[in-house]
Amino acid sequence: MSVADTATTVQVVKLGTHIGAQLDGVRLGGDLDEQTVAAIRTALLEHKVVFFRNQHHLTEDGQYEFAQLLGSPTTPHPTLTSAGSKSLAIDSQHGRSNVWHTDVTFVDRVPRASILRAVTLPSYGGSTTWASTVAAYNSLPEPLRRLAESLRARHTNRYDYATATEEFQGEQGRAYRREFESTYFETEHPVVEVHPETGERALLLGGFVKEIAGLPGSESRALLRLFQDRVTRLEHTTRWNWSLGDVAIWDNRATQHYAIDDYDGSEHRKLTRITLAGTIPVGVDGRPSTVISGNSDTYSSTAPLTRAA
């Protein structure tokens, strides 16, 4: 069923072949009717990330109430417990996460989706780019698809930001990093996940990956670069230039994203993120992800896995 058949008030403007759409005619909040919510879900599954303009009325409470219509919100973060009870502030004063990543892949229950609302924006720059990990998988030659499907990768929250960016400068940033790493999480995920709703296959990688399991470091790095380069091909991406009142929702099981650090340190960028609970990723071979370290029971409602020996 198309979005138009489900709710005629939702207009979908496609932004690219593989990823991205702007949805117009919707006033987000906790009072949306079922047909409109269904239309948003349909558009999200098809386009991977969807954008809404002119949501100036939306508060943190309204953002949370809207999130509840789409799924079950997690706590703001597995380790950043000082973040509050509803949303996580994506705040440039805490550092700038300008690395490609899928949200919170270091836990077993990878979030289903994220909802991001612009609060404070720099006078220039600060856009975000999303990439379709489904398109990345589909673009692989068949031998590389089979290879990727046979691999598993270990994800951790103690990856080294300094290798990619000069962030966490100053005491506030260092304190944020200490809290981020305060509990060690490590999870082994399939490199190719079968999407639980669409059945599509997607590469499950990004900046939290520590290594390809079972491979020496040089071979692991070479394969990670090969597959990650497929994700970030420009034809697999869409870029959003934020304005106040904007909201973005992305399917975290089918995307990576990158917050672009192209504004000066005197400029402030803050957005609030709410994530929705997801299921345990499952590979093409039917094997689910396995926990190496850490317990995310208090972060998300999804039942935990039996821990790896």
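A contact, as the word is used here, means heavy atoms within 4.5 Å. The structure is a predicted model, in which local features need pLDDT of at least 70 and side-chain atom pairs count only at pLDDT 80 or more, while totals for chains, interfaces and linings use all residues. Residues are numbered from 1 along each chain as its sequence is written, and side-chain values use heavy atoms, with hydrogens and water left out.

**Exercise 1. The chain as a whole**

Task: State what share of the contacts in the protein chain with a separation of 6 or more comes from residues 24 or more positions apart, and give the secondary structure and the share of buried residues.

Solution: Begin with the contacts: among those with a separation of 6 or more, 82% are between residues 24 or more positions apart. Next, count the elements, where helices (H or I, at least four residues) and strands (E, at least two) are DSSP runs numbered from the N terminus; the protein chain has 7 helices and 16 strands. Finally, take burial, for which buried means under 20% relative accessible area, exposed over 50% and partly exposed in between, with a 1.4 Å probe and protein chains only; of the 309 residues in the protein chain, 52% are buried.

**Exercise 2. Two helices and their buried faces**

Task: For helix 2 and helix 7, compare the span with the expected value, and find where the buried residues lie around the axis.

Solution: The expected span of a helix is 1.5 Å times one less than its number of residues. Helix 2 (34-47) has 14 residues and reaches 20 Å from its first C-alpha to its last, close to the expected 20 Å. Its buried residues are Thr-36, Val-37, Ala-39, Ile-40, Ala-43, Leu-44 and His-47. These residues cover an arc of only 155 degrees around the axis, which puts them on the same side of helix 2; the arc is that of the directions from the helix axis to the C-beta atoms. On the other side of helix 2, Glu-34 and Gln-35 are exposed.

Helix 7 (residues 217-231) has 15 residues and should span 21 Å, and its end C-alpha atoms are 21 Å apart, which agrees. Within helix 7, the buried residues are Ser-220, Leu-223, Leu-224, Phe-227, Gln-228, Arg-230 and Val-231. Seen down the axis, the buried residues of helix 7 fall within an arc of 145 degrees, so they line one face of the helix.

**Exercise 3. Helix 3 and its surroundings**

Task: Identify the elements against which the buried residues of helix 3 pack, and then describe Glu-65 and Leu-32.

Solution: In helix 3 (residues 60-70), the buried residues are Gly-62, Gln-63, Tyr-64, Phe-66, Ala-67 and Leu-70. They pack against helix 2, strand 5 (113-120), strand 13 (247-251) and strand 15 (270-276). Glu-65 also lies in helix 3, but this residue counts as partly exposed, at 40% relative accessibility. The C-alpha atoms of Glu-65 and Gly-30 are separated by 4.5 Å, although the two residues are 35 apart along the chain.

Turn next to Leu-32, in the loop between strand 2 (21-24) and helix 2, which counts as buried at 16% relative accessibility. Not counting residues up to four places away in sequence, Leu-32 touches Val-26, Arg-27, Val-37, Ile-40, Phe-66 and Leu-69. For Leu-32 and Leu-69, which are 37 residues apart along the chain, the C-alpha separation is 8.1 Å.

**Exercise 4. Three loop residues**

Task: Give the phi values of Lys-48 and Val-104, and the C-alpha distance between Gln-93 and Gly-265.

Solution: Lys-48, in the loop between helix 2 and strand 3 (49-52), has a phi near 75 degrees, a positive value in a residue other than glycine. Lys-48 is buried, with a relative accessible area of 4%. Val-104 sits in the loop between strand 4 (88-91) and strand 5, and its phi is near 55 degrees, again positive in a residue other than glycine; Val-104 is buried, with a relative accessible area of 3%. Gln-93 belongs to the loop between strand 4 and strand 5 and is partly exposed, with a relative accessible area of 43%. Gln-93 and Gly-265 are 172 residues apart in sequence, and their C-alpha atoms are 8.9 Å apart in space.
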